[in-house]
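Here are my notes on this model, as numbered points. Please read them with the structure open.

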Protein chains: 2
Amino acid sequence: MHTHFTIDCVIYSFHEGQLKVLLTERNESPYSGWWALPGFFVNKYEEMEDAVARISYEMTGLKDIFMEQLAAFAGVKRHPEGRILTVAYTTLIRFDDVKNKVKPVTDYMRQANWFSVSELPELAFDHQEIINLSLDKLKRSISYSTAPFELLPDKFTLTQLQQVYEEILRKKLDKRNFRKKIMNLGYLKELNEVQQHVSYRAARLYKFDKRKFAKLFSQE
Amino acid sequence: MHTHFTIDCVIYSFHEGQLKVLLTERNESPYSGWWALPGFFVNKYEEMEDAVARISYEMTGLKDIFMEQLAAFAGVKRHPEGRILTVAYTTLIRFDDVKNKVKPVTDYMRQANWFSVSELPELAFDHQEIINLSLDKLKRSISYSTAPFELLPDKFTLTQLQQVYEEILRKKLDKRNFRKKIMNLGYLKELNEVQQHVSYRAARLYKFDKRKFAKLFSQE
DNA sequence: CCAAAAGTGTTCATAGTACACCCATGT
DNA sequence: ACATGGGTGTACTATGAACACTTTTGG
């Protein structure tokens with residue numbers, strides 16, 4: 001009638017054209033020395049939302065990130081000591097905001113690091129399964145969500161945006177059709193600015209207009 | 001680091017043109033005498049899937065129903081005794097298959113009964129919230145899922161099918177457009193049979209072709 | 001013959017797809 | 001001048017939405 005209760009965090013980012021996930025190296029048995037999702041036990045009188053914030057901070061050093069629930073995993077055999085129920089949470093963050101800040105503030109993890117989702121090491125527990133489920137969900141929801149913009153800097157080019165879509169959907173898109181579609185959605189703000197420091201024609205920058213995005217859904 | 005762990009079941013059915021959910025009347029404190037989702041504690045060494053099967057059976061008398069995970073709810077204040085983490089599961093069943101079979105086989109519940117989702121009594125715990133979330137999910141997934149067919153008998157009329165869509169989406173649909181769309185999907189089998197015992201023109205019956213439905217997704 | 005629900009098509013607007021070349025810039 | 005990615009349009013197809021009348025049947 002009781003179970004151990006943990007939270008695991010699937011934190012995505014986008015860098016160098018690739019979708020990355022943040023992993024931590026465990027410093028505790030079992031799976032000491034293995035890479036795993038940042039995660040830990042929930043305290044007895046702690047709300048789940050508070051636990052998510054605390055644990056994501058302690059394991060990765062990241063503060064003030066809002067995470068969304070993915071699912072519960074509760075296999076009796078997940079852990080040698082018996083059932084540990086884990087509730088997995090996911091979020092998307094901008095790589096530039098955090099690039100030098102990922103560092104565990106607890107001894108339970110030795111280090112934290114970004115891995116391309118297509119080249120993951122072997123993971124502890126059932127963490128690969130958790131990532132697979134979350135990637136599926138991301139793929140399904142991308143068209144109706146702000147997900148691509150949460151992964152990009154405030155100002156971005158259409159090519160960068162297209163790369164995010166391509167990484168998440170795992171397929172190539174046609175440039176002209178992509179631009180037509182994305183501009184028709186009506187929530188991109190065209191800026192009078194272009195990329196700097198590139199050795200080819202500089203691309204125009206765009207911003208995501210949250211207000212217009214929200215309007216599309218509120219009117220129904 | 002430990003928590004109580006329960007499963008709650010959201011079981012839908014369709015009857016008399018309405019989407020129904022199966023509730024049980026509690027016989028235990030807290031909320032004794034209140035209507036609640038069928039749910040109970042998971043045993044220590046029990047797999048979550050086994051617990052779902054056992055609990056749905058004990059609370060409602062229904063056997064062999066496959067349930068899908070919805071989400072975890074873990075508010076510290078959900079229960080006077082402290083945190084109880086519940087994982088909610090949902091399923092859809094055919095009313096005709098079960099109409100006289102819903103009866104708890106435990107004393108924890110006094111009775112089980114179907115309620116129209118639009119006329120629910122006040123529910124125990126946060127169960128209304130759980131139902132709301134599951135209705136949202138059902139609405140979002142209806143177009144890509146077998147959900148409507150799981151709620152209908154083996155042979156059904158197009159009007160019945162349309163009613164299921166209308167109930168889940170909570171809006172009226174145009175008959176001609178609905179038929180055009182649903183027939184274009186290509187997984188309805190037209191039978192050489194019609195309704196019996198109706199006092200008006202009998203409608204043609206259709207079957208859902210699982211194989212064709214599955215093909216649509218496997219080819220991608 | 002009447003009540004009740006079954007069944008049926010066309011038009012219009014919108015969205016998706018396929019496809020290839022010239023342009024601007026930095027080195 | 002060249003390499004690199006930026007930027008653009010058209011034709012076709014498919015899908016979604018609006019809209020009203022005739023047909024069949026049992027009682």
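1. Start with DNA strand C and its backbone. This is a predicted model. Of the strand C atoms within 4 Å of the protein, 38% belong to sugar or phosphate. The rest belong to bases.

2. Which residues come nearest to strand C? There are 18 residues around this strand. The nearest are Asn177(A), Lys180(A), Lys175(B), Arg176(B) and Arg204(B). By class, the surface near strand C divides into 4 nonpolar, 4 polar and 10 charged residues.

3. Base contacts on strand C involve side chains of both chains. In chain A, an N or O atom in the side chain of Asn177(A) is 2.9 Å from a base nitrogen of strand C. In chain B, a polar side-chain atom of Arg201(B) lies 3.4 Å from a base nitrogen of strand C. Lys180(B) has a side-chain N or O atom 3.5 Å from a base oxygen of that strand. The elements giving two or more residues to this surface are α6 (175–185) of chain A and α6 (175–185) of chain B. The largest share, 5 residues, comes from α6(B).

4. Now DNA strand D. Here 17 residues surround the strand. Lys175(A), Arg204(A), Asn177(B), Lys180(B) and Arg201(B) are the closest. Sugar or phosphate accounts for 34% of the strand D atoms within 4 Å of the protein, and bases for the rest. The surface near strand D divides into 4 nonpolar, 3 polar and 10 charged residues.

5. Which element gives the most to the surface near strand D? It is α6(A), with 4 residues. Both α6 of chain A and α6 of chain B supply at least two residues there.

6. Three chain B side chains are worth checking against the bases of strand D. Asn177(B) places a side-chain N or O atom 2.8 Å from a base nitrogen of strand D. For Asp174(B), a polar side-chain atom lies 3.3 Å from a base nitrogen of this strand. For Arg176(B), the distance from a side-chain N or O atom to a base nitrogen of strand D is 3.5 Å.

7. Look at both ends of α6(B). At its start, a side-chain oxygen of Asp174(B) reaches to within 3.1 Å of the backbone nitrogen of Arg176(B). Asp174(B) also has the strand D base contact given above, at 3.3 Å. Just after α6(B), Gly186(B) takes a positive phi of about 85°.

8. How do the two protein copies relate? A turn of 180° and a shift of 0.0 Å along the axis lay chain B on chain A with an RMSD of 0.1 Å. The copies are thus related as by a two-fold rotation axis. Of the interface residues of chain B, 100% are also interface residues in chain A, so the copies meet through the same surface.

9. Within chain A, the domain assignment gives domain 1 (4–142) and domain 2 (155–218). Their C-alpha centres lie 29 Å apart. Contact between them involves 9 residues of domain 1 and 8 residues of domain 2.

10. How much area do the two domains of chain A bury between them? The value is about 840 Å², with 72% of it on carbon and sulfur atoms. On the domain 1 side, Phe14(A), Lys139(A) and Ile142(A) lose the most area to domain 2. Together these residues make up 60% of what that side buries.

Methods. Residues are numbered from 1 along each chain as its sequence is written. Chains are lettered from A and ligands numbered from 1 in the order in which they are written. This is a predicted model: local features need pLDDT of at least 70, side-chain atom pairs count only at pLDDT 80 or more; totals for chains, interfaces and linings use all residues. Side-chain values use heavy atoms; hydrogens and water are left out. A residue is near a molecule or strand if one of its heavy atoms lies within 4 Å of it. A polar contact is a pair of N or O atoms within 3.5 Å; within protein, one must be able to donate a hydrogen and the other to accept it, and residues adjacent in sequence count only if both atoms are side-chain atoms. Ala, Val, Leu, Ile, Met, Phe, Trp, Tyr, Cys and Pro count as nonpolar, Asp, Glu, Lys and Arg as charged, and the others, Gly among them, as polar. Copies are superposed by least squares on the C-alpha atoms of residues with pLDDT of at least 70 in both. Contact means heavy atoms within 4.5 Å. Domain bounds come from an automatic or database domain assignment. Buried area is the accessible area (1.4 Å probe) that two parts lose on being put together, summed over both.
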